[in-house]
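Here is a friendly walk through one protein chain, written for someone who likes to see the geometry spelled out. Have the viewer open and follow along.

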Amino acid sequence: QVQLVESGGGLVQAGGSLRLSCTASASRRTFSTNDMGWFRQAPGKEREFVAAVTWSGGNTFYADSVKGRFTISRDSAENTVFLQMNSLKPEDTAVYYCARDSIYSLRLGRAAYWGQGTQVTVSS
């Protein structure tokens, strides 16, 4: 079983920045489902796709709501994914989840593996 562990969440003032990190239990590719992504879920709302990156790091995808403000990337070991969050807004407040699957599945809101989530709170 692949384990995903997020970190970096917290409380930040509107306009500020945070960087989330997610580390997988192994860097080995598993059934070609090694692309990584981020989702978020606010209270009373459905889980929302935020961003995704392919295993090689060569292709990235973003939700319209975060494009231009958030940046997803991977480290050289291909086992850690980051989400750099700039110009944060109160509406970005949510629990952010790391996920792993094919880029196709991630963009459809599905994932084979999920992290436990990390809280991001943006105050005004």
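Cys98 has a relative accessible area of 0%, so this residue is buried. Keep in mind that the model is a predicted one. Which residue does Cys98 join through a disulfide? The partner is Cys22, with an S to S distance of 2.0 Å. The link bridges distant parts of the chain, since Cys22 sits in strand E3 and Cys98 in strand E9, 76 residues apart. The handedness of the link between Cys22 and Cys98 is left, with -80° about the S-S bond. The count of disulfides comes to one.

Is Cys22 buried or exposed? Its relative accessibility is 0%, which is under the 20% limit, so Cys22 counts as buried. The strand around Cys22 fits that picture: five of the seven residues of E3 are buried, so E3 is largely enclosed by the rest of the structure.

Now for the sheet that holds E3. Four strands form an open sheet in the order E1-E3-E8-E7, with antiparallel pairing. Strand E1 (4-7) and E7 are the edge strands, each pairing on one side only. From one strand to the next, the twist averages 15°. As background, strands of a sheet pair through backbone hydrogen bonds, either parallel or antiparallel. The two pairings that involve E3 are set out here.

| Strand pair | Sense | Bridges | A bridge partner pair |
|---|---|---|---|
| E1 and E3 | antiparallel | four | Ser7 and Ser21 |
| E3 and E8 | antiparallel | six | Cys22 and Val81 |

Cys22 therefore has two links worth tracing in the viewer: the disulfide to Cys98, and the bridge to Val81 in E8.

Val81 leads on to the nonpolar core. The largest such core has 33 residues, and Trp38, Val50, Phe70, Val81, Leu83, Met85 and Tyr96 touch the most other members. Several elements each supply at least two residues of this core, among them strand E3 (18-24), strand E8 (80-85), strand E9 (94-101) and helix H1 (103-107). Strand E5 gives the most, with five residues.

What is Leu83 in contact with, leaving aside its neighbours within four places in sequence? The list is Leu18, Arg19, Leu20, Trp38, Val50, Ala51, Phe70, Thr71, Ile72 and Tyr96. Among these contacts of Leu83, Trp38, Val50, Phe70 and Tyr96 also appear with Leu83 among the core residues that touch the most other members.

Aromatic rings make up the last part of the tour. A pair of aromatic rings is described by the distance of the centres and the angle of the planes. How many aromatic pairs does a search of the whole structure find? The search gives two. One of them is formed by Phe39 and Phe49, with 5.6 Å centre to centre and 75° between the planes, in an edge-to-face arrangement. This pair also links distant parts of the chain: Phe39 lies in strand E4 and Phe49 in strand E5, 10 residues apart. Phe39 has 1% relative accessibility and counts as buried. Phe49 is at 17%, which is under the 20% limit, so Phe49 counts as buried too. Together with Trp114, Phe39 and Phe49 form one aromatic cluster.

Key
Residues are numbered from 1 along each chain as its sequence is written. This is a predicted model: local features need pLDDT of at least 70, side-chain atom pairs count only at pLDDT 80 or more; totals for chains, interfaces and linings use all residues. Side-chain values use heavy atoms; hydrogens and water are left out. A nonpolar core is a set of buried Ala, Val, Leu, Ile, Met, Phe, Trp, Tyr and Cys residues joined through side-chain atoms within 4.5 Å. Buried means under 20% relative accessible area, exposed over 50%, partly exposed in between (1.4 Å probe, protein chains only). Contact means heavy atoms within 4.5 Å. Rings of Phe, Tyr and Trp (its six-membered ring) pair if their centres lie within 6.5 Å; planes under 30 degrees apart count as stacked, over 60 as edge-to-face and the rest as tilted. Two strands pair if DSSP finds at least two bridges between them. Axes are lines fitted to C-alpha atoms, for helices over the stretch in contact, and angles run from 0 to 180 degrees between N-to-C directions. A disulfide is a pair of cysteine sulfur atoms within 2.5 Å.
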